[in-house]
Amino acid sequence: MNRFLRIPALMLLLVPAVSCMVDTGSGSYRDKYSIIHYSEDIVEVEYVMRPASAVIIAREAEAYLSLDDSEREDFDINSVFPGGIRHIDRNSINLPDCANVYSYGQRFGETGSEWTVSLTSQYFVDPYYFRGQEDYRIRCIGSDTWMIVSRVCDGMSVEYDDEQIVVKYTGDGDGYSGYRVTASGRTTEDGGYESVCGTSEDGLELRHHKDMGVSDNYSAFFGYAMRLTEGSFGVTIYRDGNMLDYCSITYTPDNVLYDVSLE
Amino acid sequence: MSRRFVVFAALFLLFFSVAGFLPGAESCARTPDGKDKGAGIYDYEIRIGWGGYPLADGLFFFDSFPLFMKYNDMNYYIPSSMEDIYRDYRGPAYMTGLISAEFDINFKRWFALTVGLGFNGIFQNVYDPMTGRRAGQNSGISVSIVPEARFNWLNRDMVRMYSAIGLGLTLGSMTERDFGYTDLMLYPVVQVTPVGISVGRRVYGFAEAGIGTQFLGGMAGVGVRF
């Protein structure tokens, strides 16, 4: 080879040999923790925790909204809503940093009645995305039993099947009110992805702890005030009908157990 | 920095430094009275070189800076959708480093104007999260055009040392297969060569240090004067 051609030829050979690495890469996001996060922090919150919180807030607000004006003056509102309330109208109240409750003059415990609870607290799905206000339409379907009729969030409306999400009050315990939640659902995304979720047949036991010593409404109805203590919740993920992964979460009073398709 | 890179770089610089001592075409390298032309007599030069860390490309496409190369922390981002969980994931990203071609006009022994065209290749494999197999590649290229003013402050028969400053533009394009879009970037180039050396007469080798948005670090290559 002409000696002058050897030079650029050698340069070309050396380029791939010494190319510099500028990024180590992302690694796969498909791992056990992502599946658990998606199942517990996305799906379960959407189908269990947020709807249940809406029902519980409405049930607690009923104790105040059902009173006449003179009775309301004597009511210790801070014992129920430690962050106080503001009146929207006679049948509707605002719980600062938490929710708006609209009774439409109906009794929450009366079969067939419908209330709306707007959860105004921002829920951070992850560091980059939070849900805006969620408006839950709730209907009483029996004694201390309610179902979610619909949800409007970020401009999108979802109509639920009858008894797709049901919350039943089961009684008070030591410092808490007990509820049983049954739920099922299906979420689809672009790319042919679908997740199917549901509680075990007996549902999940949810305890609303009222002995938290908090001073704001959000802490009284979210976070550590709400604990799942019994039952299981499962999520199965599909793509184009083929199962990709699953996650089953089992709750006990002391522990949370995960069974995931990945190690 | 790996030992392999250091060995190749040393051989590379040594080779081109030696190449500068090889005799060029005899007729062009001699003055009318038969004496050799020195390094500073030729009107034009063409040179090609390679090296340096493409600073702006690394920053704009990968948020990466030399010595602080970005290590993706898996805990930093937790996907919140199925699409994000099952998206093809990225392996390490590489750049070729700047490959440049220049045409120089020597106005004076101490001053030259150059126009350089630079290329930097970018490539990164992506993998299927279900199988772990390679699913494709993210790739890109940036092309820069940089006019430079070069000042030769040492002119000997065989050796020239210089400094330079240039201003230009870079157009970069990166196709990200996993996200399905192409990034286009246009940004200015400010490039300073605090010191460079060329060794040879008509055919020479050169090495220089560079600081600027085009590249950071050392570049070496070969050139021809005519």
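**View 1. Order of elements in chain B of the predicted model.** Read from the N terminus, the elements of chain B follow the order α-β-α-α-β-β-β-β-β-β-β-β. The chain thus contains 3 helices and 9 strands. Chain B has 226 residues, of which 38% count as buried. Among its contacts with a separation of 6 or more, 63% join residues 24 or more positions apart.

**View 2. The largest nonpolar core.** This core is made up of 56 residues. The residues with the most contacts inside it are A:Ala52, A:Ile57, A:Ala58, A:Val101, A:Val117 and A:Ile138. Helix α2 of chain A, residues 32–65, supplies the largest share of the core, with 15 residues. In soluble globular proteins, nonpolar side chains tend to be buried together.

**View 3. Surroundings of A:Ile138.** Leaving aside residues up to four places away in sequence, A:Ile138 touches A:Ala54, A:Val55 and A:Ala58, as well as A:Glu114, A:Trp115 and A:Val117. Its other contacts of this kind are A:Trp146, A:Ile148 and A:Val149.

**View 4. Another core.** Apart from the largest nonpolar core lies another one, of 21 residues. Its members include B:Tyr53, B:Ile122, B:Tyr204 and B:Leu216.

**View 5. Confidence along chain A.** The mean pLDDT of chain A is 88, and 89% of its residues reach 70 or more. Among the elements of this chain, strand β11 (residues 165–173) has the highest mean pLDDT, 97, and helix α1 (residues 3–18) the lowest, 49. Over residues 11–18 of chain A the pLDDT is below 50, and this stretch has 9 contacts in the model beyond near neighbours in sequence.

Note on methods
Residues numbered from 1 in each chain as written. Chains lettered and ligands numbered in written order. Predicted model: local features only at pLDDT ≥ 70, side-chain atom pairs only at ≥ 80, totals over all residues. Core = buried A, V, L, I, M, F, W, Y, C linked by C-beta atoms within 7 Å. Buried ≥ 20, exposed ≤ 12 C-beta atoms within 10 Å, placed from the backbone. Helix = DSSP H or I, 4+ residues; strand = E, 2+ residues; numbered from the N terminus. Contact = placed C-beta atoms within 7 Å. pLDDT = per-residue confidence, 0-100.
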